[in-house]
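Visitor: Please take me closely through the annotated active site and its surroundings, residue by residue. I should like the criteria behind each term stated as you go.

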Amino acid sequence: MSARPGLTGLSFSKGHGTGNDFILVADPNGSVDMTAADVAAACDRHRGIGADGLIRAVPSSFLPEGRALLEDTPEAQWFMDYRNSDGSVSEMCGNGVRVFVHFLLESGLVELADGASMAIGTRGGVKVVKRSVDGYSVDMGPWEFIYPEAAAARATDSLVEADGLQVARPGLSISMGNPHTVVALAEIAELRATRLFDAPSVDPAPPHGTNVEFVVPHDPLMHDGVGQLSMRVHERGVGETLSCGTGACAAAIATRYWAGADAPDVWSVTVPGGIVGVRFTVSAQGGEHVHLSGPAVLVARGTFS
């Protein structure tokens, strides 16, 4: 695969989590120097390998953000340096962190038995990933409303316009370490008709932009005690993707909030690339954490030429 000079000769893997796909490179010595243009060229689906983003696996000690995390969590030895497909730096990616841990295992960089967990450094904080026989579960940490006063007062904080929707729709903005704005739609046909090639307009937009999720709660909302919803997403700096892990968490958070006190704590989120699980728990410190579960697959290996 041809690439820009910053990636020439570098080995890579290609992987995905429910269709959210990534290029992964190992940098155990902290020596890979890649620019935004390098990343964008590699992620180009016509002239490069093609991916929603690129993940560099680098020891936390080689990055200022990683060293800061090591002070409180010394076991977070590996850092997920995540870049969007346009080359911009992002805080983290819920599907990506599962694929990242699978890549570390398959590359022989770490060992992790079924049922065991490991801490991963990200720009969105330390994420604890647990391995299971059918994939990985990630403690995504606490969530929060970006505009808490508006959320408490009216359960929405913005208006969202998107191609294919006749009128602007109310949205609710949620931080999962990265920003999301969730919009509820009435039916699956409306979800399918929404065109997400161009970024939706969000007013007011969170300070650093936002990912936008369009969700349809299922009817009935619960099946065997599990909440059910379908979702599509436009990722900031990427475009529409087949899945978004932090977006699935945000979608479940918003739908659960709108549903009221009797809403479940376990959710199944259907995305174009498959199904992921979202679960809410109370941490030892008393705050609410969100856990994301799903598969991780490596599909190819190669070398940039």
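Guide: The UniProt annotation "active site", from an unreviewed entry, covers Cys93 and Cys244; UniProt positions are given in the numbering used here, feature names are shortened, and annotations may be inferred rather than shown by experiment. This is a predicted model, in which local features need pLDDT of at least 70 and side-chain atom pairs count only at pLDDT 80 or more, whereas totals for chains, interfaces and linings use all residues. Residues are numbered from 1 along each chain as its sequence is written, and side-chain values use heavy atoms, with hydrogens and water left out.

The two annotated cysteines span 152 residues in sequence, yet no two of their C-alpha atoms are more than 7.4 Å apart, so they gather at one spot. The lining of the largest cavity includes both Cys93 and Cys244. A cavity here is a set of points, on a 1 Å grid over the protein atoms alone, where a 1.4 Å probe fits but cannot get out, and its lining residues have an atom within 4 Å of a point.

Cys93 is placed in the loop between β4 (78-84) and α3 (94-106); helices (H or I, at least four residues) and strands (E, at least two) are DSSP runs, numbered from the N terminus. With a relative accessible area of 3%, Cys93 is buried, a term that means under 20% relative accessible area, while exposed means over 50% and partly exposed lies in between (1.4 Å probe, protein chains only). Apart from neighbours within four places in sequence, Cys93 is in contact (heavy atoms within 4.5 Å) with Asn20, Phe22, Met80 and Tyr82.

Cys244 sits in the loop between β15 (239-241) and α6 (245-259). This cysteine also counts as buried, at 2% relative accessibility. Setting aside neighbours within four places in sequence, Cys244 is in contact with Asn20, Asn95, His180, Glu213, Met231, Val233 and Glu235. Asn20 thus appears in the contact lists of both Cys93 and Cys244.

The cavity itself can be described further. The count comes to one cavity of 30 Å³ or more, and the largest cavity has a volume of about 70 Å³; grid points are joined across faces, edges and corners, and a volume is the space filled by probe spheres set on the points. Besides the two cysteines, its lining includes Tyr82, Asn84, Ser90, Met92, Asn178, Asn211, Glu235, Arg236 and Thr246. By class, the lining has four nonpolar, five polar and two charged residues, where Ala, Val, Leu, Ile, Met, Phe, Trp, Tyr, Cys and Pro count as nonpolar, Asp, Glu, Lys and Arg as charged, and the others, Gly among them, as polar. Tyr82 belongs to this lining and is also a contact of Cys93; Glu235 belongs to the lining and is a contact of Cys244.

The contacts lead on to the nonpolar core, defined as a set of buried Ala, Val, Leu, Ile, Met, Phe, Trp, Tyr and Cys residues joined through side-chain atoms within 4.5 Å. Of the 52 residues in the largest such core, Met80, Phe100, Val101, Ile120, Met231 and Val278 touch the most other members. Met80 is a contact of Cys93, and Met231 is a contact of Cys244. Leaving aside neighbours within four places in sequence, the contacts of Ile120 include Met80, Phe100 and Val101.

Technical notes
On a 1 Å grid over the protein atoms alone, a cavity is a set of points where a 1.4 Å probe fits but cannot get out, and a pocket is an open set with protein on both sides within 12 Å along at least five of seven lines; lining residues have an atom within 4 Å of a point.
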